[in-house]
Amino acid sequence: MRRINVRRVKIHRNYTVDEAARLLSVHKNTVRTWIKSGLQTIDDRRPTLILGRHLSKYLYDRRKRSKQPCGPGQLFCVACRAPKYPAGRLAEFLPLAPSSGNLRGICPDCHGLIHRRVSRKDLAAVAGNLEVSAPQAEERIRDSVPPSHNSDFAMEANTDADA
Ligand SMILES: [Zn+2]
């Protein structure tokens with residue numbers, strides 16, 4: 001992930017969302033996400049103006065936060081660059097290897113997906129008081145077509161190809 005050059009921000013200037021995005025080479029939506037997650041704006045009038053001093057402080061604070069390790073029950077949000085308790089304290093465990101996987105949840109602030117790599121033996125400790133759902137349950141919710149249906153279809157297709 002590209003590092004944002006906070007030093008480009010002039011503390012005595014005002015920036016529109018557009019200007020701040022261009023200055024820091026990020027998407028406008030990224031700046032809007034910052035505002036939603038605590039970046040102060042001058043007032044509620046349009047266009048939204050951000051004081052350079054606030055922008056600079058917000059980005060430095062965020063950088064500091066990103067060095068914080070996740071505590072029990074926390075997953076790291078890349079967009080907010082901070083450990084977060086997932087929305088509803090819900091997480092899914094997605095196995096990636098026999099001994100480890102990813103905990104996945106939703107960031108309560110930016111609503112993006114947040115992850116934490118965890119080994120199975122540490123899962124209980126890392127998950128803390130989160131409600132962790134099994135991946136099988138997730139597949140069942142997501143797929144309206146039962147898995148057996150899919151494989152029947154694949155077999156039929158193979159048979160047709162052979163004939
Ligand atoms: Zn977030």
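## Walking through a predicted model

Visitor: Over which residues does pLDDT stay under 50?
Guide: This is a predicted model, and one stretch of it has just one contact beyond four places in sequence. Where pLDDT is low, the coordinates shouldn't be read in detail. The stretch with pLDDT under 50 is residues 147-163.

Visitor: And what is the mean pLDDT of the chain?
Guide: Looking at the chain as a whole, 81% of its residues reach 70 or more. The mean pLDDT comes out at 84.

Visitor: Which residue does Asp18 meet in a salt bridge at 3.6 Å, N to O?
Guide: Asp18 sits in helix H1, and its partner is in helix H2, 10 residues apart, so the pair links distant parts of the chain. Asp18 is partly exposed, with a relative accessible area of 34%, and the partner counts as partly exposed too, at 36%. That partner is Lys28.

Visitor: Which residue is linked with Asp18 and Lys28 in a network of salt bridges?
Guide: The structure holds nine salt bridges, and the one between Asp18 and Lys28 belongs to a network. The other member of that network is Arg22.

Visitor: Is Asn29 buried, partly exposed or exposed?
Guide: Asn29 lies in helix H2, residues 28-36. Its C-alpha is 8.7 Å from that of Val17, 12 residues away in sequence. The relative accessibility of Asn29 is 43%, which falls between the 20% and 50% cut-offs, so Asn29 is partly exposed.

Visitor: How far does helix H3 reach from its first C-alpha to its last?
Guide: Helix H3 covers residues 52-65, which makes 14 residues. At 1.5 Å a residue, the expected span is 20 Å, and the model is close to that. The reach of H3 is 20 Å.

Visitor: What covers the buried residues of H3?
Guide: The buried residues of H3 are Gly52, His54, Leu55, Ser56, Tyr58, Leu59, Arg62 and Arg63. Their cover includes strand E1 (14-16), helix H1 (17-24), H2 and strand E2 (49-51).

Visitor: Which residue of H3 forms a salt bridge with Lys57?
Guide: Lys57 is exposed, at 51% relative accessible area, while its partner is partly exposed at 24%. The two lie four residues apart in H3, about one turn of the helix. In an α-helix, residues three or four places apart point the same way. With N and O 2.8 Å apart, the partner is Asp61.

Visitor: How far apart are the closest N and O atoms of Asp43 and Arg45?
Guide: Asp43 is partly exposed at 29%, whereas Arg45 is exposed at 63%. The two form a salt bridge, and the N to O distance is 3.2 Å.

Technical notes: Residues are numbered from 1 along each chain as its sequence is written. This is a predicted model: local features need pLDDT of at least 70, side-chain atom pairs count only at pLDDT 80 or more; totals for chains, interfaces and linings use all residues. Side-chain values use heavy atoms; hydrogens and water are left out. pLDDT is the predictor's confidence in each residue, from 0 to 100. Contact means heavy atoms within 4.5 Å. Buried means under 20% relative accessible area, exposed over 50%, partly exposed in between (1.4 Å probe, protein chains only). The expected span of a helix is 1.5 Å times one less than its number of residues. A salt bridge is a side-chain nitrogen of Lys or Arg within 4 Å of a carboxyl oxygen of Asp or Glu.
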